[in-house]
Amino acid sequence: MSVTISEHNNVKIASISENIKINGLQDAVDLLGNADYLGADKIIVNEINLASDFFDLRTGIAGDILQKFANYHKKLAIIGNFSKYNSNALNAFIIECNRGSSIYFVNDFEEAIYKLT
């Protein structure tokens, strides 16, 4: 998995290209490992990088992946337009994540940088 590192406010942030998909837990672990190897504790992914099943909470994929980020003490910002999902459970999940201090669902790159730095 190709990871790009950028530095913002003296903080290394990893991101992946738009053509890479995180389909499950192993892809997330690979991302975490690559980011860690490159010295980044914070990671940005776009909504399009995540398999559509991620946004169906019944699959458990979102919970598994985000728990792995928490276990490895990595902060994550997910950029996208999440209003298109008609799921009260997902909307509540996003709100709860955004209240925390490690997983953020944001609208754009600038907001992701702000939250992570």
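Let us start at a turn: Asn10 sits in the loop between strand 1 and strand 2. This is a predicted model, so the angles and accessibilities below are computed from its coordinates. Asn10 is not a glycine, yet its phi is positive, at about 65 degrees. The residue is exposed, with a relative accessible area of 73%, which is over the 50% cut-off.

The two strands on either side of that turn form a hairpin with 2 residues between them, and Asn9 in the turn has a positive phi of about 50 degrees. Strand 1 and strand 2 run antiparallel and are joined by 6 bridges. One bridge to look up is that of Ile5, whose partner in strand 2 is Ala14.

Positive phi values turn up elsewhere too. His73, in the loop between helix 2 and strand 4 (75–79), has a phi near 55 degrees, a positive value in a residue other than glycine. His73 is exposed, with a relative accessible area of 68%. Just after helix 1, Gly39 takes a positive phi of about 85 degrees.

Now to helix 1 itself. Its 13 residues, 25–37, should span 18 Å at 1.5 Å a residue, and the end C-alpha atoms are indeed 18 Å apart, which agrees. Which residues of helix 1 are buried? They are Ala28, Leu31, Leu32 and Ala35. Seen down the helix axis, these buried residues fall within an arc of 100 degrees, so they line one face of helix 1. The spacing makes sense in general terms: an α-helix has 3.6 residues a turn, so residues three or four places apart point the same way. On the other side of helix 1, Gln26 and Tyr37 are exposed. The cover over the buried residues of helix 1 includes strand 1 (3–8), strand 2 (11–16), strand 3 (42–46) and helix 2 (61–71). The hairpin strands are thus among the elements that cover this helix.

A charged-looking name in a buried place may catch your eye next. Glu47 lies in the loop between strand 3 and helix 2. At 9% relative accessibility, Glu47 counts as buried, being under the 20% cut-off. Leaving aside neighbours within four places in sequence, Glu47 is in contact with Phe55, Ile78, Ile79, Gly80, Asn81, Phe82, Lys84 and Tyr85.Three of those contacts, Phe55, Phe82 and Tyr85, also belong to one aromatic cluster, formed by Phe54, Phe55, Phe82, Tyr85, Phe93 and Phe105. The count comes to 5 aromatic pairs, and two of them are set out here.

| Pair | Geometry | Centre to centre | Angle between planes |
|---|---|---|---|
| Phe82 and Phe105 | edge-to-face | 5.2 Å | 85 degrees |
| Phe93 and Phe105 | edge-to-face | 6.3 Å | 70 degrees |

Phe82 lies in the loop between strand 4 and helix 3 (88–99) and Phe105 in strand 5 (residues 103–106), so their pair ties together parts that are 23 residues apart in sequence. The pair of Phe93 in helix 3 with Phe105 in strand 5 also links distant parts of the chain, 12 residues apart.

Are these rings buried or partly exposed? Phe82 counts as buried at 8% relative accessibility, and Phe105 counts as buried at 5%. Phe93, at 24% relative accessibility, counts as partly exposed.

Technical notes:
Residues numbered from 1 in each chain as written. Predicted model: local features only at pLDDT ≥ 70, side-chain atom pairs only at ≥ 80, totals over all residues. Heavy atoms only, no water. Helix = DSSP H or I, 4+ residues; strand = E, 2+ residues; numbered from the N terminus. Expected span 1.5 Å × (residues − 1). Buried < 20%, exposed > 50% of the residue type's maximum accessible area, 1.4 Å probe, protein only. Arc of directions from axis to C-beta. Contact = heavy atoms within 4.5 Å. Pairing = 2+ DSSP bridges. Phe/Tyr/Trp six-rings, centres within 6.5 Å; stacked < 30°, edge-to-face > 60°.
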